Amino acid sequence: MSTQPRPPRPAPPVPEASGDTEPEAAGPIDLWATVDALWTWLEADAAHGGREGLLLRVLKLSEEVGEVAQAVIGATGQNPRKGVTHTWEDVQGELCDVAITALVALRTLTPEAEGVFAGQLARVAERSVGRAGAGTGVR
């Protein structure tokens with residue numbers, strides 16, 4: 001686990017709210033700068049550090065996955081006592097929370113999270129879609 005900060009990156013843009021309407025997108029958000037900012041924010045107020053803090057950060061991922069399951073059950077009305085309690089947009093949001101939580105947990109393990117993720121993504125892509133004709137629809 002690393003608590004070493006990365007070299008500073010530009011702060012992610014924050015959309016400005018205009019009254020009571022939805023905030024307008026100020027352009028694409030830098031994923032890794034945002035992950036670093038979230039990691040820094042969490043580390044500043046962490047009740048537990050070291051190995052215990054890392055384990056709790058990874059355990060948070062299980063909580064988020066449970067929220068995805070709850071949203072799917074709610075979107076499909078699978079709980080007869082509750083009926084439909086969520087939308088598929090809720091499921092999308094919960095899936096995003098899982099991805100964000102996983103990236104922050106990875107950042108907790110290493111300040112080189114971006115490179116580690118890119119390397120793993122490349123390996124997964126190569127063994128699945130990277131075979132002959134990858135990206136062209138030809139297999």
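This report describes the helices of one protein chain, the contacts between them and a few of their residues.

The structure is a predicted model, in which local features need pLDDT of at least 70 and side-chain atom pairs count only at pLDDT 80 or more, while totals for chains, interfaces and linings use all residues. Residues are numbered from 1 along each chain as its sequence is written, and side-chain values use heavy atoms, with hydrogens and water left out.

## Overall make-up

The secondary structure of the protein chain consists of four helices and zero strands, where helices (H or I, at least four residues) and strands (E, at least two) are DSSP runs numbered from the N terminus. Read from the N terminus on, the elements follow the order α-α-α-α. Of the 139 residues of the chain, 19% count as buried; buried means under 20% relative accessible area, exposed over 50%, and partly exposed in between, with a 1.4 Å probe and protein chains only. Among contacts between residues at least 6 apart in sequence, 55% join residues at least 24 apart, a contact being heavy atoms within 4.5 Å.

## Helices H2 and H3

For two of the helices, the table sets the expected span, which is 1.5 Å times one less than the number of residues, beside the distance between the end C-alpha atoms.

| Helix | Number of residues | Expected span | End C-alpha distance |
|---|---|---|---|
| H2 (residues 50–76) | 27 residues | 39 Å | 40 Å |
| H3 | 22 residues | 32 Å | 32 Å |

In H2 the end-to-end distance agrees with the expected span, and in H3 it agrees as well.

The buried residues of H2 are Gly 53, Leu 54, Arg 57, Glu 64, Val 68, Ala 71, Gly 74 and Ala 75, and they pack against helix H1 (31–44) and H3. An α-helix has 3.6 residues a turn, so residues three or four places apart point the same way. Just after H2, Gly 77 takes a positive phi of about 70°.

At the start of H3, a side-chain oxygen of Thr 87 comes to within 3.3 Å of the backbone nitrogen of Glu 89. Such a pair is a polar contact, that is, a pair of N or O atoms within 3.5 Å, of which, within protein, one must be able to donate a hydrogen and the other to accept it, with residues adjacent in sequence counting only if both atoms are side-chain atoms. Further along, H3 has buried residues that include Val 91, Glu 94, Val 98, Thr 101 and Leu 103, and the buried residues of this helix pack against H1, H2 and H4.

## Residues between H2 and H3

Three residues illustrate how these two helices meet. Ala 71, in helix H2, is buried, with a relative accessible area of 1%. Leaving aside neighbours within four places in sequence, Ala 71 is in contact with His 86, Asp 90, Val 91 and Glu 94; the C-alpha atoms of Ala 71 and His 86 are 5.6 Å apart in space, although these residues are 15 residues apart in sequence.

Glu 64, which is also found in H2, is buried at a relative accessible area of 7%, and it touches Glu 94, Asp 97, Val 98 and Thr 101 when residues up to four places away are not counted. Glu 94 itself lies in helix H3 and is buried, with a relative accessible area of 19%. With neighbours within four places in sequence left aside, the contacts of Glu 94 are Glu 64, Glu 67, Val 68 and Ala 71.

## H3, H4 and the loop between them

The axes of H3 and H4 come within 9 Å and cross at roughly 120°, where axes are lines fitted to C-alpha atoms, for helices over the stretch in contact, and angles run from 0 to 180 degrees between N-to-C directions. Leu 103, Leu 106 and Arg 107 of H3 make the contact with Ala 113, Val 116 and Phe 117 of H4.

Thr 110 lies in the loop between helix H3 (88–109) and helix H4 (113–128) and is buried, with a relative accessible area of 16%. A polar atom of the Thr 110 side chain lies 2.9 Å from the backbone nitrogen of Glu 112. Pro 111, in the loop between H3 and H4, counts as buried at 13% relative accessibility, and its C-alpha atom is separated by 10.0 Å from that of Trp 39, 72 residues apart along the chain.
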